[in-house]
Amino acid sequence: GQEVSNAVKLAVEEWNKKGGVLGMKIEVLDADDQGNPQVGSAAGDKVAADPAVIGAVWGITSVTCLPVSEILERQNNVMITPGCSNPRVTDRGLKVMNRLCARDDFQGPAGIIFAVNDMKAKKIAIFDDGTTGPRGAADEAEKQAKAMGATPLRYVIRAGDKDFRAILGTVPKDVNAIYASVWAPDAALIAKQLPDVGLEKVRMIGPDGQYEPIDYIQASAGSAEGNYVTFFVPDMKKVPSAVEFVKNFEAKYGTLSSYGPLAYEATNMILEAVKSVGKADRAAVRDAVRNTKGYSGILGFPISFDAKGDVATPTLYVYQVKGKDFELVKQVVKQ
């Protein structure tokens with residue numbers, strides 16, 4: 001969440017150095033949803049009540065994106081999320097809701113396709129923490145496993161627990177892979193505790209919430225080595241259009257690790273929409289963002305939104321944990 005905020009601020013600083021937008025300076029209003037729907041709703045009310053707010057870059061947890069977007073919809077306040085991946089986020093027909101990341105009904109299956117085709121997995125243990133986003137990805141992963149003739153086994157943990165060995169001990173010793181649809185801190189603990197239950201040779205693959213060098217790789221103390229993670233952007237240090245962004249971000253805020261590039265892109269897209277409509281009008285900006293076609297920024301590929309507000313051509317990237325960082329393995333484009 002902090003990286004999202006920092007990336008937004010960096011984009012705004014760059015606009016303000018060039019005179020702002022429409023001759024006006026831009027201010028950033030922080031609204032922390034704490035990954036909690038009740039806290040998120042209160043933050044959403046705060047944002048919607050401020051007539052000066054023209055757009056929102058919001059969230060990495062679908063459980064908060066869902067209620068907040070309902071609030072902002074009533075105020076015509078456009079919203080772009082860098083990380084809320086549950087299908088319901090855009091399936092409700094809201095005019096304000098857009099997202100730059102792939103959906104769980106692509107991400108979950110993509111992880112399983114990799115597990116079956118590349119990891120040669122035939123029996124896959126699928127974990128989630130029971131919350132909206134992780135459960136949705138796990139459901140889609142289970143469907144994909146069955147469709148490919150693999151055997152999925154479902155398990156649910158409680159986010160924030162410190163000892164998962166009781167449930168890990170019930171996983172059959174002949175599983176070939178674990179699809180862990182959980183956040184980075186829980187995934188790190190699972191990786192550390194697998195050897196305690198005789199599953200030290202089983203590799204894990206997980207969704208975007210694990211693309212965290214500190215909360216996953218470092219926290220696992222080496223246990224995540226060789227595991228896989230799917231994420232929404234390519235290796236930004238190797239994308240020519242992102243060189244300046246990476247340099248500026250890391251000089252100011254430290255290592256770039258996750259959702260920052262998407263938040264930076266979202267900020268620029270909202271401000272370009274304000275510039276294109278020529279006025280700070282919420283409804284006009286909302287419509288301009290939805291009608292985005294072929295936007296070219298730092299991600300290395302053009303962005304267009306479909307009628308729902310989803311990225312027209314979603315792309316995922318499979319990374320493997322190598323030492324202290326992630327190494328890009330392959331790109332997956334939804335057909």
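# Briefing: a predicted model, from Ser-181 outward

At 1% relative accessibility, Ser-181 counts as buried. The model is predicted. This briefing starts at Ser-181, then moves to two helices, a disulfide, the nonpolar cores, a strand pair and Glu-250.

**Ser-181 and its surroundings**

- Ser-181 sits in strand E6.
- A polar atom of the Ser-181 side chain lies 2.6 Å from the backbone oxygen of Pro-134.
- Leaving aside residues up to four places away in sequence, Ser-181 touches Phe-127, Asp-128, Asp-129, Pro-134, Ala-137, Ala-138 and Pro-207.
- Pro-134, Ala-137 and Ala-138 are among the buried residues of helix H6.

**Helix H6**

- H6 is made of 16 residues. From first C-alpha to last, H6 reaches 23 Å, close to the 22 Å expected at 1.5 Å a residue.
- The buried residues of H6 are Thr-132, Gly-133, Pro-134, Gly-136, Ala-137, Ala-138, Glu-140, Ala-141, Glu-142 and Ala-145.
- These buried residues pack against two helices, H3 and H5 (104–117). They also pack against strands E4 (123–128), E5 (151–156) and E6 (177–181).
- Just after H6 comes Gly-149, with a positive phi of about 85 degrees.

**Helix H3**

- H3 covers residues 62–74, 13 residues in total. Its span from first C-alpha to last is 19 Å, close to the 18 Å expected at 1.5 Å a residue.
- Buried in H3 are Ser-62, Thr-64, Cys-65, Leu-66, Val-68, Ser-69, Ile-71 and Leu-72.
- The helices that these residues pack against are H2 (37–49), H4 (88–91) and H6 (132–147).
- The strands are E1 (55–57), E2 (78–81) and E3 (97–99).
- Asn-76, just after H3, takes a positive phi of about 55 degrees.

**The disulfide and a free cysteine**

- How many disulfides does the model hold? The count comes to 1 disulfide.
- Cys-65 and Cys-84 form this link, with an S to S distance of 2.0 Å.
- The link of Cys-65 and Cys-84 is right-handed, with 75 degrees about the S-S bond.
- The pair links distant parts of the chain, 19 residues apart. Cys-65 belongs to helix H3, while Cys-84 is in the loop between E2 and H4.
- Cys-65 and Cys-84 are both buried.
- Cys-101 is in no disulfide. The nearest cysteine sulfur belongs to Cys-84 and is 6.9 Å away. A disulfide needs sulfur atoms within 2.5 Å, so Cys-101 does not qualify.
- Cys-101 is buried, with a relative accessible area of 2%.

**The nonpolar cores**

- In soluble globular proteins, nonpolar side chains tend to be buried together.
- The largest nonpolar core here has 79 residues. Which members touch the most other members? They are Leu-100, Met-204, Tyr-216 and Phe-232.
- Helix H11 (residues 260–277) gives the most to this core, with 9 residues.
- Leu-100 touches Leu-262, Glu-265, Ala-266 and Met-269, among others. Its contacts also include Ile-80, Thr-81, Ile-303, Phe-305 and Val-311. Residues up to four places away in sequence are not counted.
- A second, separate core has 18 residues, including Ala-115, Ala-121, Ile-124 and Tyr-228.

**Strands E7 and E8**

- Strand E8 (residues 228–231) is covered on both faces. Tyr-228 and Thr-230 are buried on one side, and Val-229 and Phe-231 are buried on the other.
- Strand E7 (residues 203–206) pairs with E8 in the parallel sense, over 2 bridges.
- Opposite Val-229 of E8 stands Gly-206.

**Glu-250**

- Glu-250 lies in helix H10 (residues 243–253).
- Buried, exposed or partly exposed: what is the state of Glu-250? Its relative accessibility is 27%, and so Glu-250 counts as partly exposed. Partly exposed covers the range between the 20% limit for buried and the 50% limit for exposed.
- Not counting residues up to four places away in sequence, Glu-250 touches Lys-237, Thr-255 and Leu-256.
- The side chains of Glu-250 and Lys-237 share a polar contact of 3.3 Å.
- A polar atom of the Glu-250 side chain lies 3.0 Å from the backbone nitrogen of Leu-256.
- Glu-250 and Met-148 are 102 residues apart in sequence. In space they are 42 Å apart, C-alpha to C-alpha.

Terms used. Residues are numbered from 1 along each chain as its sequence is written. This is a predicted model: local features need pLDDT of at least 70, side-chain atom pairs count only at pLDDT 80 or more; totals for chains, interfaces and linings use all residues. Side-chain values use heavy atoms; hydrogens and water are left out. Helices (H or I, at least four residues) and strands (E, at least two) are DSSP runs, numbered from the N terminus. The expected span of a helix is 1.5 Å times one less than its number of residues. Buried means under 20% relative accessible area, exposed over 50%, partly exposed in between (1.4 Å probe, protein chains only). Contact means heavy atoms within 4.5 Å. A polar contact is a pair of N or O atoms within 3.5 Å; within protein, one must be able to donate a hydrogen and the other to accept it, and residues adjacent in sequence count only if both atoms are side-chain atoms. A nonpolar core is a set of buried Ala, Val, Leu, Ile, Met, Phe, Trp, Tyr and Cys residues joined through side-chain atoms within 4.5 Å. Two strands pair if DSSP finds at least two bridges between them.
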